[in-house]
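Trainee: Could you take me through one part of this model up close, and then work outward from there? I'd like the reasoning along with the numbers.

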Amino acid sequence: MIEWKETMTESFEMVVGLEVHVQLATKTKLFCACSNDGFGAPPNSRVCPVCTGQPGALPVLNKKAVELAFKAALALNGKLAHKSIFARKNYFYPDLPKAYQISQYDEPFCLGGEVPLRLKDGKTKIVELARIHMEEDAGKLLHAIGSQALNYSLVDFNRGGVPLIEIVSKPEIFSSDEAYAYLNSLKEILQYAGVSNCDMEKGEMRCDANISLRPKGSKKLGTRAEIKNLNSFKNVKDALEYEFLRQADVLSSGGKIIQETRLWNGKETVSMRSKEEAHDYRYFPDPDLVPIDITPEWSEKIKSEIPELPQARRERFVSDYHLSPYEAEVLVSDRVISDYFIQVLKSSEAQNDAEVLAKLIMNIPDFTPIAPEQMASLVALCRQKTITINQAKELYPEILESKKDPKILVEEKGLAQVLDEKILRNWVQEALASNPKAILDIKGGKKQAAGALVGAVMKLSKGKANPALVNKLIFEGIDKA
Ligand SMILES: [Zn+2]
């Protein structure tokens, strides 16, 4: 383990560029009709002559994949090219049956773009993208069956030919926290745009990181290392923090960083191959695929299909629904929840229900939605002060289970709060009569003594009196006494 020294963070700054692979949410693969749902399916059950590279098989481009890729680019403010071509990236590896991967090289479909970051201290920052390109995924090697290690390897081609986009950022990320915020924001935008589910556990979003160090204040880029195999946001953060220490340690003892590929093993980064051993991919245009002609009409059509994105929705939740920025942040971070939020408000009659609804959703542990109409009815009960938000929260599991109308359930359980001042006044009189000391205390200026009286009324009402009203009536009662 490398020892952290104060001087390291004082002297150096990390410069990071991220390359993120995202699996497009299509029904079929990029160049064949095989189903794109191979995760967890029996090995080699989603294969055909095209995606296993049989002689004579020809690729046919999936239009839906192209449109999802365009959608990603436009949602990220990227610029679509007029023309884009596929290239062959040549290398030999057992998970690549054609011995080349169909990718894009010097004519990707998108240049530029940006990812807005929301940082912990409330600040924002834009990280610019270098490019986005399309490519097919490779297969997967298996070195064990269950816990049984093999002395040979098996290949599963279910993932081979699955459509991916690679999103390449400029080296504008300067800390592990910024890298984390970048991935979070990217994931949200792609999920909202419907481009990908970005489920990292299924490998639908994978990340490689380029990291170099430079003396603080310097603008010159140092020699970088590429870290592979980062399959969670936490891995990215941990790997960058480790690699910062490693490179700072080398540099501060007068050493040089070698340009190389390193692998994160969960604890440290280890050298995989140096630049000298790097592949020469001999890219050339794929003669089996025609160039994509991207017309302005096509681009406009895709653009019009992009739904409201997270940033716009956050702002709208604050301006239209009067939620706090924190509430908007929490609700919008999950597209399913924020869609539900909007749907419930459609079936509710009062505008200010938004605030009650936000409090309910955020206060119910492991929130699982009930039917929007049911939720609107529950919110209305809180708005009319028939029940408190706390009671609604306690009632929620039962509504979820029984699917009963909350209004009926509240009646059945006798939960409704008593708001009738005539009934409340009787209880208040009873409480005042049996607590003469509290009256004297309040008259003597000790207003907090009213707490005991409210408590007495709550006891008399079996918890159903509305505490705010009771409090008001107690002071009225004392004034008259
Ligand atoms: Zn296939």
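Mentor: Sure, and one definition before anything else: a donor here is an N, O or S atom within 2.8 Å of the metal, and water is not among the atoms, so a site may look incomplete. Keep in mind, too, that this is a predicted model.

Now to the zinc ion. Its protein donors are the SG atoms of C32, C34, C48 and C51, at 2.3 to 2.4 Å from the metal. Look at the angles next: the 4 donor atoms subtend 101 to 114° around the zinc ion, and that is why the arrangement is tetrahedral. Four donors count as tetrahedral if all angles lie between 85 and 135 degrees. For reference, the ideal angle for four tetrahedral donors is 109.5 degrees.

Along the sequence, the donor residues follow the spacing C-x1-C-x13-C-x2-C. C32 and C48 both sit in the loop between β1 (12-23) and α2 (63-75), so this pair ties together parts that are 16 residues apart in sequence. As for exposure, C32 has 12% relative accessibility and therefore counts as buried, since the cut-off for buried is under 20%.

Stepping back, the chain is divided into domain 1 (6-298), domain 2 (310-412) and domain 3 (421-480). Taken over C-alpha atoms, the centres of domain 2 and domain 3 are 33 Å apart.

Let's move on to helix α7, residues 325-332. Its buried residues are E327, A328, L331 and V332. These cover an arc of only 115° around the axis, so they lie on the same side of α7. The face turned away from that buried side carries the exposed residues P325 and Y326. And what covers the buried residues? The cover includes α3 (176-192), α6 (310-319), α8 (335-346) and α9 (353-363).

Two of those covering helices, α3 and α8, come up again with the aromatic rings. The count of aromatic pairs comes to 13. One of them is Y180 with F233, an edge-to-face pair at 5.7 Å centre to centre with 85° between the planes. Y180 belongs to helix α3 and F233 to helix α4 (residues 233-252), so the pair links parts that are 53 residues apart in sequence. As for their exposure, Y180 is partly exposed, with a relative accessible area of 36%, whereas F233 is buried at 10%.

Then there's Y340 with F367: the ring centres are 5.8 Å apart and the planes are at 50°, so this pair is tilted. Y340 lies in helix α8 and F367 in the loop between α9 and α10 (372-383), so the pair ties together parts that are 27 residues apart in sequence. Y340 is buried, with a relative accessible area of 6%, and F367 counts as buried too, at 15% relative accessibility. Rings also gather in a group: Y91, Y105, Y281 and Y283 form one aromatic cluster.

One last stop, a glycine. G477 lies in helix α16, residues 467-480, and it is buried, with a relative accessible area of 12%. G477 and G455 are 22 residues apart along the chain, and their C-alpha atoms are separated by 16 Å.

Note on methods
Residues are numbered from 1 along each chain as its sequence is written. This is a predicted model: local features need pLDDT of at least 70, side-chain atom pairs count only at pLDDT 80 or more; totals for chains, interfaces and linings use all residues. Side-chain values use heavy atoms; hydrogens and water are left out. Donors are N, O and S atoms within 2.8 Å of the metal (3.2 Å for Na, K and Ca); water is not among the atoms, so sites may look incomplete. Four donors count as tetrahedral if all angles lie between 85 and 135 degrees; four count as square planar and six as octahedral if opposite donors are over 155 degrees apart and all others between 65 and 115; anything else is irregular. Helices (H or I, at least four residues) and strands (E, at least two) are DSSP runs, numbered from the N terminus. Buried means under 20% relative accessible area, exposed over 50%, partly exposed in between (1.4 Å probe, protein chains only). The arc is that of the directions from the helix axis to the C-beta atoms. Contact means heavy atoms within 4.5 Å. Domain bounds come from an automatic or database domain assignment. Rings of Phe, Tyr and Trp (its six-membered ring) pair if their centres lie within 6.5 Å; planes under 30 degrees apart count as stacked, over 60 as edge-to-face and the rest as tilted.
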